[in-house]
Amino acid sequence: MNRVFQSEDLVVRDRRIPDIALDPGSCGGWLINDSDFAMEVLDGITGLQPVHNGGTCWFGQELSGLPESEILRLLGRTMALTTDGPLIANLNIQDNILLPALHRRTDSETGLLRKLDQLLTGSDLPWPAAPNFPFLLPHNLGALQRWLAGLLRAALAEPEVILCCHYPGDLSELEQAELICGFQWLRDRLSGAAWLFLTCATGLPGGFSGSFSEVSP
């Protein structure tokens, strides 16, 4: 089995990040109480920002020394779920969801639109979306609906690694429970994908098991 992610001796902003390794379908995470720092760690492990020490290995390749084009190719096999989407502000939600799948897969746009409609109208959707949900702009969405857009985008693009940062954010307890149902929904759909959580929660969400370490202040 080929390891999909591994970090070793990683230091970001003079803080040591515990080593972690993920195989396909596995799960792990770091407890990081500072949301801004969690995003810095995310940028560091994906090669978008330099780290002070150590490094990361994706799909058997060390990021250090790779050209940007190769880093982007590797990261095309991953997808981030964050509190803000991340959604492109001037595109409606349907286009935000479709673009990564069109870039990464060979399905036609018509086929992906059909699949998106099936997901939105399916009885197992973790929580209902408004009828006009696909045609809204990101600024019209509440926090939970932004997460839903990210979950649907991942369901269509079918990444090999899902990076979840910064759960649970500012959600209420009820919304957190609904979001966990959304995570479980996506995990059932993409059972072969590994999950890496950068979270302020005290542990992995229900239905997920694996290594979990605290990043010291």
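Start by selecting leucine 163 and leucine 196: leucine 196, in β9, is the bridge partner of leucine 163. The model you are viewing is predicted, so to speak of local features a pLDDT of at least 70 is needed, side-chain atom pairs count only at pLDDT 80 or more, and totals for chains, interfaces and linings use all residues. Residues are numbered from 1 along each chain as its sequence is written, and side-chain values use heavy atoms, leaving out hydrogens and water.

Next, colour β8 (residues 161-165) and β9 (residues 194-199), which pair in the parallel sense over five bridges. Strands here are DSSP runs of E with at least two residues, helices are runs of H or I with at least four, and both are numbered from the N terminus; two strands pair if DSSP finds at least two bridges between them.

Now show the whole open sheet, with its five parallel strands in the order β7-β8-β9-β4-β10. β7 (78-81) and β10 (211-214) each have a single partner strand, so one side of each has no neighbour in the sheet. On average, neighbouring strands are turned by 15° against each other, direction ignored.

Add helix α6 (residues 173-189), which packs on the sheet and touches β4 (27-31), β7, β8 and β9. Contact means heavy atoms within 4.5 Å. The direction of α6 makes about 160° with that of β9; axes are lines fitted to C-alpha atoms, for helices over the stretch in contact, and angles between N-to-C directions run from 0 to 180 degrees.

Finally, how many disulfides (cysteine sulfur pairs within 2.5 Å) does a search of the whole structure find? Zero. Select cysteine 27: the nearest cysteine sulfur, that of cysteine 164, is 9.3 Å away.

Notes: A disulfide is a pair of cysteine sulfur atoms within 2.5 Å.
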